Amino acid sequence: MPRQTDQHLLRQIPSVDQLLSHPTVADLLPDHPRALVVQGVRAIVDRCRESLLGRSQSNQPAAVQLDALADEVCLAVAAMARRSLRGVVNATGVVLHTGLGRAPLSGQAIEALIDVGAGYSNLELDLDSGRRGRRTDHVAELLCQLTGAQAAVVVNNNAAATLLALNAVAAGREVIVSRGQLIEIGGSYRLPDVMAASGAILREVGTTNRTRADDYAKAINERTAAIMQVHTSNYKVVGFVEQAATAELAELARRHDLVLIDDIGSGAMFDVSALDLPAEPWFGGSLDAGADLVLGSGDKLLGGPQAGIIVGRTELIDSIVANPLMRTYRVGKLTLAALEATLMLYRDRQEALKSVPTLALLGQSHEQLQQRARLLADRLRQVLPEAQVSADDDLAYVGGGALPVCQLPTAVVRLRFKDGRNLTDTARALRLGRPAVVARIAEDALVVDLRSLLPGQEDLVVQACEQLNGADSAAAPPGDQRSPT
Ligand SMILES: *Cc1c(COP(=O)(O)O)cnc(C)c1O
């Protein structure tokens, strides 16, 4: 129950109608739905009430200014009118960043998205015969050509691929996995839990650091259906370690009539050590070594849309396609359009290295990055005269469940502010700006890493940094919902 003085204060709060007819707020109406503007006004009136009551408790004088409230309504409406999911500039240096949507798509993939998404498509129509087709056939043949597989199918993501493969091959039966490979990826993906959900029974063998082919052999019994190998894509055990080779496990599986499932994780299409990156398993390499089913993601090293790719023996792929769970994990036309266009680039390795953004970013030489950093630093010095700007060498992770312990040499621009402004608030102002830039903070500097900046995005970083000048948003109190514009 508000006190007497509170009643007096609360009478100062304008009504919704009063604010709506304020010229600044009325100006919003031609460009925004009335309901949105009303929602903005209500939010600001509520906030005003709370803030008045809060201040009356601390006995601070309070006065409500209608013009200031109208300005706040404008900011609130502008924030609500923006899409929540939007493009950001990745200046973190982490090329495959799950929080930032993993792989950026190639121009060719974007063209395919527009072509297929803007109208109707032959998603499940064979244009030749006019009969019903199968949606994943648009990419299956290409996947077979690129990997040497007999058959292929695509599902929603690699987690779905794993669950489906295990359910189709081993429901109610045992699957042997090394204790060194019982992985957890972020976002509640734990292999033992996925295995349980699939209906397969996990049979752990070996130890965390050493598992030999013999450990697998001893665990085989009449209930065994498969051996599963899992790439430890986000950590590495080093030191006294041993892990059976894929070829050894394939030989063992063949002798006992078991299926060898290989989850290669990052979905590389070729041996990326050719890019001066540490070796990662790739689809064709695993099939050549004798795996029966190989699983990987579409949006990690492959550089395409989110997808789970399964390649392998025809009868196994057929049983996955026939599985009733298949429909629950099926991919949409936009995924297939972007994936097919991405895969087509891999017909020519040089083309892929140039046009698949993930590969192009990872393939940048240190000299190229240093050059980009020097040029960007020069431009930022001009727009941020108050800041100390330097181009430096650094190390950054590839990220995204690929190349776990691999730190690549990179080049960065460090921003230090002499006015001692709070870096956390400054980074937040950059994230909320237009364009939105996600940078990292290290020690006393804001760090813009060139490794993950797409060609030409330097312009966007300059634009975003320009807005830091005199932006009082950088000093906004925590919890303040205003977004700088
Ligand atoms: C990333 C990863 C997964 C999960 O893949 P999603 O496509 O994100 O579902 C599964 N296994 C391994 C080894 C991975 O690296």
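How many residues apart in helix α10 are Lys-218 and Asp-214? They are 4 residues apart, and so about one helical turn separates them. The close-up views described below come from a predicted model.

**Figure 1. The salt bridge between Lys-218 and Asp-214 in helix α10**. The side chains of Lys-218 and Asp-214 meet in a salt bridge, with a distance of 3.7 Å from N to O. Both residues belong to helix α10, which covers residues 213–219. Lys-218 is exposed, because its relative accessible area of 65% is over 50%. Asp-214 is partly exposed, with a relative accessible area of 45%.

**Figure 2. The salt bridge between Arg-414 and Asp-394**. The closest N and O atoms of Arg-414 and Asp-394 are 3.3 Å apart. Arg-414 lies in strand β14 (residues 407–417) and Asp-394 in strand β13 (residues 387–397), so this pair ties together parts that are 20 residues apart in sequence. Arg-414 is buried, because its relative accessible area of 15% is under 20%. Asp-394, by contrast, is partly exposed, at 23%.

**Figure 3. The salt bridge between Asp-449 and Arg-440, and the network that includes it**. In this pair, the closest N and O atoms are 2.9 Å apart. Asp-449 is buried, with a relative accessible area of 0%. Salt bridges with shared partners join Asp-449 and Arg-440 with Asp-392, Asp-394 and Arg-414 into one network. A search of the whole structure finds 28 salt bridges.

**Figure 4. The residues that surround the ligand**. The ligand is surrounded by 14 residues, of which the closest are Ala-159, Ser-233, Asp-263, Ser-297 and Lys-300. By class, this shell has 7 polar, 4 nonpolar and 3 charged residues. Helix α8 (158–170) and strand β10 (259–265) each supply at least two residues of the shell.

**Figure 5. Contacts of Ala-159, Ser-233 and Asp-263 with the ligand**. A backbone N or O atom of Ala-159 lies 2.9 Å from an oxygen atom of the ligand. In Ser-233, a polar side-chain atom lies 2.4 Å from a ligand oxygen atom. For Asp-263, an N or O atom in the side chain is 2.7 Å from a nitrogen atom of the ligand. On its own, the ligand has 390 Å² of accessible area, and the protein covers 94% of this area.

How values were computed. Residues numbered from 1 in each chain as written. Predicted model: local features only at pLDDT ≥ 70, side-chain atom pairs only at ≥ 80, totals over all residues. Heavy atoms only, no water. Near = heavy atom within 4 Å. Polar contact = N/O pair within 3.5 Å; in protein donor to acceptor, adjacent residues only side chain to side chain. Areas by Shrake-Rupley, 256 points an atom, 1.4 Å probe, with all protein chains shown as cover. Nonpolar A, V, L, I, M, F, W, Y, C, P; charged D, E, K, R; others polar. Salt bridge = Lys/Arg side-chain N within 4 Å of Asp/Glu carboxyl O. Buried < 20%, exposed > 50% of the residue type's maximum accessible area, 1.4 Å probe, protein only.
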